[in-house]
Amino acid sequence: VISTDGGRYDVSLASRQRIPVYWSGISSVVRRCSWFYRGNHEIMQPYSEDRAMLLEEHYETAVKLRTFPMRVELGEGEAVIINSRTMMVHYQGTVPKLVRRGVPDEATIPPDEPDTVDHVIFVLHGIGSVADIKLRSFVDCVSDMRATSQQLVREHRDKLCSGESAGRVEYLPIQWHAALHSDSLGVDRHIRKLTLDSIPLLRDFVNNTCVDVLFYTSPFYCQTITEQCGREMNRLYEKFLSRNPGFRGGVSIVGHSLGSVIAFDLLSQQDSNSTSKENQNSLNTSSNDCLEENSGSSTAVSTSDASSGSYQLVGSGGSTSSGASKLLYSRSSESGTGQPTVESVRLSFGVSHMFAVGSPLGLFLAVRGIHKLEEAFSLPTCNRFFNIFHPYDPVAYKLEPLFGDGRTNPVTLPHHKGRKRMHKEITEQLVRVGTAVKNQLSNTLYSLYAGSQETPAITDEPTDTPNIGSPGRRMGRLNAGERIDYVLQESPLELVNEYLFSLSSHLCYWTSEDTVLLILREVYRTPRSTPSSVPLI
């Protein structure tokens with residue numbers, strides 16, 4: 001057995017199968033290739049191993065005995081004519097095809113991935129079994145994010161690593177949809193009995209995708225989803241350490257859409273006693289007020305029992321002081337719809353960063369009756385939190401207004417090439433030119449009416465565009481005092497109609513260089529060896 005693709009696949013030479021290591025999937029066939037023919041679309045295709053061995057035997061005989069040309073019958077009306085060492089033709093009927101021995105010159109073998117892993121990122125998907133506009137699987141989309149990350153590390157190695165040798169960032173998918181819709185639960189069979197017969201394709205789509213949101217608000221199925229995600233992360237982390245015993249990097253979580261809500265709730269329930277002493281002293285206080293209603297009539301106070309993993313939402317009253325953040329769930333039946341009752345799943349590792357992309361977390365918190373977050377609010381075992389979204393994403397919501405001023409603009413992410421997109425630069429240039437012309441015209445008119453008296457110049461400073469926020473504003477402890485909301489720059493084509501690109505904008509993060517570059521910059525800001533890399537249990 002040979003490990004390939006950065007240790008994500010194992011290849012069995014005996015069975016010629018390539019099997020995924022960290023997720024369940026269909027194994028692919030592996031073939032030892034030594035002979036190729038030019039197939040459709042001018043692409044070199046490999047022969048099967050049996051045919052390649054037959055061609056190699058006749059080729060060696062022809063070269064040794066100099067019996068050119070030599071005809072090799074392949075069966076089914078196909079034959080290969082070996083005219084010389086370099087000139088060979090495959091005939092299928094009367095159609096000739098060029099044959100090559102060895103790897104073709106035009107073939108490009110991708111470079112090997114670095115053996116050293118600097119950071120591990122677990123990626124949680126949103127609703128449904130497909131993850132992008134092309135209806136591809138979640139594993140394929142995470143592969144795109146991994147490939148984008150590797151390309152950006154090569155391009156920005158000096159800036160990311162400050163001259164140090166860079167390894168790679170490993171992205172591992174965490175899948176919960178299949179476990180929720182498995183035959184063991186039987187929920188799909190029950191829903192099919194209730195489903196009408198009309199418009200079957202649309203109803204199947206709703207049952208397989210949109211209903212996941214309702215499942216997460218259900219106490220029973222929310223427990224299933226939470227346990228699946230927590231246990232799967234623990235399982236993959238243990239397996240990763242067994243295959244990479246020298247790993248000393250950190251661990252982060254990326255949550256897309258509903259996956260970001262799941263990750264946030266899971267991290268909210270972690271026990272801060274398992275973190276480092278510094279983090280414990282800053283986060284671990286008992287019976288503290290973390291969330292407060294805007295109206296002031298009701299204050300959310302969290303009480304926790306670390307041994308049982310229970311978290312209860314207490315009624316009105318309670319003091320207002322800084323504290324921990326374990327109040328999103330309750331075992332009490334008084335919690336109501338949207339406040340599911342679950343038991344926490346303890347993660348066997350610390351989390352350095354959480355990145356929410358296309359996240360409806362702000363909406364979920366509002367539905368739960370949480371209208372304000374105190375500045376002391378933070379995740380017990382995660383010090384950094386980023387909310388990244390596309391400006392046209394219909395599912396994404398801001399989080400910074402929960403900390404105070406609702407007029408706060410998100411920070412605009414720079415383009416990965418190091419500058420703003422052209423249409424934004426043109427817009428800002430036009431604003432500056434317009435402001436300068438306005439100032440000049442105002443000064444000229446004022447001088448004409450004021451005569452020869454000296455008058456101060458009237459100037460208007462150009463204002464920032466509405467979607468650009470100030471990165472210097474502090475927003476509580478959720479992201480260590482730094483900004484939380486970050487917005488991508490829309491492309492010029494998307495300016496045509498924001499409604500037309502709303503769906504694709506929610507699924508654009510897998511291949512978004514700007515999003516991945518922000519993730520890389522943040523994970524490489526932390527030291528390579530951190531307490532989060534040490535197993536907690």
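Biologist: Which residues of α1 are exposed, on the side of the helix away from its buried ones?
Modeller: This is a predicted model: local features need pLDDT of at least 70, side-chain atom pairs count only at pLDDT 80 or more, and totals for chains, interfaces and linings use all residues. Residues are numbered from 1 along each chain as its sequence is written, and side-chain values use heavy atoms, without hydrogens or water. Exposed means over 50% relative accessible area, buried under 20%, partly exposed in between (1.4 Å probe, protein chains only). On that side of α1, the exposed residues are Asp50, Met53, Lys64 and Leu65.

Biologist: Within what arc do the buried residues of α1 fall?
Modeller: The buried set is Ala52, Leu55, Glu56, Tyr59, Ala62 and Val63. They line one face of the helix, because seen down its axis they fall within an arc (directions from the helix axis to the C-beta atoms) of 135°.

Biologist: Which strands do the buried residues of α1 pack against?
Modeller: Helices (H or I, at least four residues) and strands (E, at least two) are DSSP runs, numbered from the N terminus. Contact means heavy atoms within 4.5 Å. The buried residues of α1 pack against β5, β7, β8, β9 and β10.

Biologist: Which residue's side chain does Ser15 join in a polar contact of 3.0 Å?
Modeller: Ser15 sits in the loop between β2 (9-12) and β3 (17-20). Ser15 is partly exposed, at 41% relative accessible area. A polar contact is an N or O pair within 3.5 Å; within protein, one must be able to donate a hydrogen and the other to accept it, and residues adjacent in sequence count only if both atoms are side-chain atoms. The partner is Ser12.
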